[in-house]
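Colleague: I have a model open on my screen and would love some company while I look at one part of it closely. Could you walk me through it?

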Amino acid sequence: MTAVSDRVAAAERGETRIADRVVAKIAAQAAREAISELPKEGVAPRATVTVHRDMARVRVSLELGYPSDIGRQCGAVRRQVVERVGTLAGMEVPEVAVQVERLHATGPGAAAQGRIR
């Protein structure tokens, strides 16, 4: 058995690096969690990230139902992404850009409104 004094200091053992694509998957899942309801025809949120040391800049692309409070939903996505990436990857997230790519009509008559007459 090795004595405590023979252990290598944490800073000299190496480092853990989390791949950008893993952080992007965490961010996309966090965006899914934050959206109250994914539109039926909608595509799941996607995320891209740029990681530099322990900081991640995130861009989330998503589709939302309409009518809805778009600003509130985008704010919820930002908060959830910052919290989940920080918790699961241990990274600071100074920037989350949310891009709404499409709005889907929801509610009664939504299918009829989308038809060309």
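Which elements are among those that cover the buried residues of helix 3?

Modeller: Happy to! Keep in mind that this is a predicted model. The cover over the buried residues of helix 3 includes helix 2, strand 2 and strand 3. The buried residues themselves are Q73, C74, G75, A76, V77, V81, V85 and A89. Helix 3 is 20 residues long and spans 28 Å between its first and last C-alpha, close to the 28 Å expected at 1.5 Å a residue. After helix 3 comes G90, with a positive phi near 70°.

Now turn to the sheet. Its three strands form an open sheet in the order 1-2-3, with mixed pairing. Strand 1 and strand 3 are at the edges with a single partner strand each, so one side of each has no neighbour in the sheet. Strand 2 and strand 3 run in the parallel sense, paired over 11 bridges, and S61 sits opposite Q99 in strand 3. Helix 3 packs on this sheet, where it touches strand 2 and strand 3, and its direction is at about 140° to that of strand 3. Helix 2, for its part, lies across strand 1 and strand 2, at about 135° to strand 1.

These pieces come together in the largest nonpolar core, which has 26 residues; V77, V81 and V85 are among those with the most contacts inside it, as are V58, V60, L62 and V96. Helix 2 gives the most to this core, eight residues. For a good place to zoom in, try L62: beyond its neighbours within four places in sequence, its contacts include V77, I35, P45 and V98.

Key
Residues numbered from 1 in each chain as written. Predicted model: local features only at pLDDT ≥ 70, side-chain atom pairs only at ≥ 80, totals over all residues. Heavy atoms only, no water. Core = buried A, V, L, I, M, F, W, Y, C linked by side-chain atoms within 4.5 Å. Buried < 20%, exposed > 50% of the residue type's maximum accessible area, 1.4 Å probe, protein only. Helix = DSSP H or I, 4+ residues; strand = E, 2+ residues; numbered from the N terminus. Contact = heavy atoms within 4.5 Å. Expected span 1.5 Å × (residues − 1). Pairing = 2+ DSSP bridges. Axes fitted to C-alpha atoms, helices over the stretch in contact; angles between N-to-C directions.
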